[in-house]
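Q: Please take a close look at a single part of this assembly, the one helix whose span, burial and surroundings can be described together, and then place it in the context of the chains and domains around it.

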Amino acid sequence: MLKRTFGASLIALTMAGGAMAQDQSIIVQSTTSTANSGLYDYLLPIFQEESGIQVNVVAVGTGQAIKNAENCDGDVLLVHAKPSEEKFVEAGFGTSRTDLMYNDFVIVGPAGDPAGVGGMEDVQGALSKIAGEGALFASRGDDSGTHKKEMALWGDAGVDPTAASGDWYRETGSGMGATLNAGIGMGAYVMTDRATWISFDNKQDYAIQVQGDEDMFNQYGVIPVNPEKCPSVNVEAAKAFADWLVSDAGQDAIGAYKVADQQLFFPNAPE
Amino acid sequence: MFEAPVIPEAQALPGNKPMPLTVRGLMLELGGARVLHDLNLDLGPAGCTMIMGANGAGKSLLLKLLHGLMAPTAGTIEWAGTPAAQATKQQALVFQKPVLLRRSVAANVDFVLKARGKNRSKRDALLDHVGLAHKAKQPARLLSGGEAQRLALARALATDPDVLFLDEPTASLDPASVLAIEGIVSEAKARGTRVIFVTHDMGQAQRMADDVVFLHGGHVIEHSPADTFFPKPQTQAARDYLQGRIIV
Amino acid sequence: MQSLGDALGLALSLVLSGDADLLEIVALSLQVSLTATFIACLIGLPIGALVAIGRFRGRGAVLIVMNALMGLPPVVVGLLVYLHLSRSGPLGFLGLLYTPTAMIIAQTILIAPIVAALSRQVLEDLHGEYAEQFRSLCLTRLQTVQALLWDARYSLLTVGLAGFGRAVAEVGAVIIVGGNIDHLTRVMTTAIALETSKGDLALALALGIVLLVIALGVNAAVQSVRMTATRQAYV
């Protein structure tokens with residue numbers, strides 16, 4: 001029995017290895033926010049239908065996704081932290097970066113709204129209030145795109161939350177979903193991208209408290225990994241995928257993806 | 001120091017490999033305590049030598065030394081001129097508590113035949129010889145005490161040993177099993193195998209022994225032919241032991 | 001709060017409906033962890049046996065290292081394997097990262113020390129019983145190891161089971177080297193982690209229940225083999 005399973009898995013492995021090596025398969029290093037929202041489950045079958053290319057998504061934090069891509073462990077990078085992405089391209093790891101789509105960040109909190117920020121639009125004001133009240137706030141704390149954005153917003157608000165780390169400011173060091181689970185468990189405010197929030201199932205009594213500030217826009221970019229740095233890259237397939245995403249067909253597909261009748265991502269690739 | 005008496009040589013049978021034993025100045029220390037003292041011993045080339053003595057006299061240790069399983073602290077042990085440590089392979093030891101493999105009866109014999117590069121076709125004859133042919137396929141460790149010891153004996157004989165050691169092989173067995181085992185050992189002896197036997201069973205000693213080595217407190221204090229040892233033991237300790245009076 | 005009852009119901013309906021995605025994940029979990037267990041036994045059993053019967057300098061240190069390696073954190077193993085298999089790592093040319101092979105390698109490294117350390121204990125105990133008889137038979141080291149491995153086979157089955165249990169239950173290593181890619185490297189534990197991060201706790205728990213049932217099944221099968229062996233006094 002063991003031997004047969006072993007044999008079978010050897011065969012399966014050979015096949016899997018073959019699938020990875022052949023032209024029609026690429027790896028996309030991406031973020032948990034896009035994967036958890038279900039966007040890829042919607043987009044990839046459409047793309048595969050059109051191109052015959054199999055896209056495998058590794059969903060990690062933006063920081064780790066960029067690191068993995070720098071190690072040549074991906075063909076396309078699709079993340080949301082523009083300054084880091086531009087640095088990635090400047091260092092020669094990516095061929096070019098293109099704006100792909102955006103969604104926005106929101107701050108969710110318990111129904112009781114202990115800091116009284118419910119309905120606010122001004123995100124700096126809301127963050128100052130949360131800090132002033134010492135209301136619990138759960139942060140990703142994982143160097144992800146969302147975390148970097150959050151830190152920038154704190155900076156704009158003139159607050160250094162890390163001084164209160166472990167007190168009212170809780171850094172989970174985890175992905176978006178895990179941070180939401182933790183934040184909801186402890187009654188803390190959490191900044192999350194809207195897409196993850198809409199498709200998140202464990203909301204309990206939580207609701208969006210702060211939204212609508214232009215500063216909370218969350219821009220995604222797509223970057224094919226540079227074959228000069230990483231010869232193992234599947235250049236054609238990677239380019240085909242990136243091109244398709246920013247094409248009319250890809251942009252329409254992104255705009256058409258809805259969860260609970262709500263559009264999660266807004267395509268904005270340059271014409 | 002006791003004088004080694006002259007032991008009449010047992011009749012050598014055709015095909016018999018003579019296996020005289022010479023022990024000189026044998027000494028064994030275990031954990032700093034001296035358990036065997038300056039032991040000298042000459043055994044004849046054939047027959048059955050019975051090693052006797054009270055518990056703690058050093059019988060089992062002497063057996064292991066003679067078999068080459070242990071190295072002495074000092075002294076030499078030679079079987080027909082070969083040091084004991086190099087003679088182990090031509091010998092076999094049956095323990096008081098048989099160590100049976102977690103396999104079938106037949107597989108226990110096969111294991112030894114294979115380990116020694118012997119023809120496995122001997123197995124059925126061996127099992128038949130010890131009366132276990134009908135149990136060949138049964139798990140060895142479910143055998144009764146007597147059957148288990150017969151299997152151990154079959155396994156020992158599978159190696160065609162020049163010397164067969166038996167360390168109280170029939171302790172705690174019923175009389176029928178004791179006789180069965182004695183029968184098998186006697187046949188081996190008759191085919192020319194040198195037998196070294198440790199026992200506390202006086203009847204068994206008298207039935208089996210050609211000569212007797214009597215150990216007391218780590219010394220050989222008496223070595224005589226069986227027909228003089230039992231009627232006329234030379235030492236007080238042996239007399240006490242034979243009469244069941246010895247106290248260690 | 002989603003209740004355990006919901007999760008149980010969901011687990012049952014997933015299994016009964018023969019959900020194709022679930023079957024694929026379960027099959028890959030078993031394939032990866034059973035293969036890793038098999039290879040870990042090929043590596044760990046001989047090492048365990050040699051240390052069990054060996055008397056060599058530094059044996060005490062070897063024992064300490066073997067026992068300490070049983071507690072290897074999966075995420076550390078995952079990271080080490082990632083660093084080697086990454087395209088920029090020394091074995092990157094093999095292109096194994098994000099494949100089931102990478103997951104098997106990681107789990108093998110994780111559990112081989114468990115197999116070696118536990119089998120060492122089992123075989124040393126058995127050798128204590130057999131040693132004198134084996135020396136009387138003048139067995140070679142190889143013959144001794146072979147005999148011990150065979151005679152301890154049913155106890156070693158339990159050792160293998162301990163390794164399999166750890167492999168099939170760990171998430172830290174496979175999520176790093178496998179990448180939790182849908183239809184390629186997604187196994188039970190990474191799927192559970194994913195559903196948890198999506199906040200779908202009922203589905204996560206349902207998958208957990210399925211994993212538990214599989215573990216129970218494997219254990220029951222091994223137990224019944226052992227019971228048969230015990231009746232024959234082969235354990």
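A: The model is predicted, and the part chosen here is helix α6 of chain B, which runs over residues 175-190. This helix has 16 residues, and the distance from its first C-alpha to its last is 22 Å, close to the 22 Å expected at 1.5 Å a residue.

Several positions of α6(B) are buried: Val178(B), Ala180(B), Ile181(B), Ile184(B), Val185(B), Ala188(B) and Lys189(B). The cover over these buried residues includes three strands of chain B, namely β3 (48-52), β7 (163-167) and β8 (194-198). Helices α5 (145-157) and α7 (202-208) of chain B also belong to that cover. After α6(B) comes Gly192(B), a residue with a positive phi, near 105°.

The wider setting begins with the relation of chain B to chain A. These two chains do not touch, and 22 Å separates their nearest C-alpha atoms. Two pairs of chains are in contact, and of these, chains A and C share the most contacts. To that contact chain A brings 31 residues and chain C brings 23 residues. On the side of chain A that touches chain C, the elements giving two or more residues are α1 (2-21), α2, β2 (54-60) and α8 (176-186) of chain A. The most comes from α1(A), with 10 residues. By residue type, this side of chain A divides into 16 nonpolar, 13 polar and two charged.

Chain A also has an internal boundary. Its domain assignment gives domain 1 (2-102 + 218-267) and domain 2 (104-216), and the C-alpha centres of these two domains of chain A lie 28 Å apart. Their contact takes 19 residues from domain 1 of chain A and 18 residues from domain 2 of chain A. On the side of domain 1 of chain A that touches domain 2 of chain A, the elements that give two or more residues are α2 (32-36) and α4 (62-70) of chain A. Here α2(A) gives the most, with three residues. The residues on this side of domain 1 of chain A comprise seven nonpolar, 12 polar and no charged.

Helix α2 of chain A thus appears in both descriptions: it is among the elements giving two or more residues to the side that touches chain C, and it gives the most to the side of domain 1 of chain A that touches domain 2 of chain A.

Notes: Residues are numbered from 1 along each chain as its sequence is written. Chains are lettered from A and ligands numbered from 1 in the order in which they are written. This is a predicted model: local features need pLDDT of at least 70, side-chain atom pairs count only at pLDDT 80 or more; totals for chains, interfaces and linings use all residues. Helices (H or I, at least four residues) and strands (E, at least two) are DSSP runs, numbered from the N terminus. The expected span of a helix is 1.5 Å times one less than its number of residues. A residue is buried if 20 or more other C-beta atoms lie within 10 Å of its own, exposed if 12 or fewer, and partly exposed in between; C-beta atoms are placed from the backbone. Two residues are in contact if their C-beta atoms, placed from the backbone, lie within 7 Å. Domain bounds come from an automatic or database domain assignment. Ala, Val, Leu, Ile, Met, Phe, Trp, Tyr, Cys and Pro count as nonpolar, Asp, Glu, Lys and Arg as charged, and the others, Gly among them, as polar.
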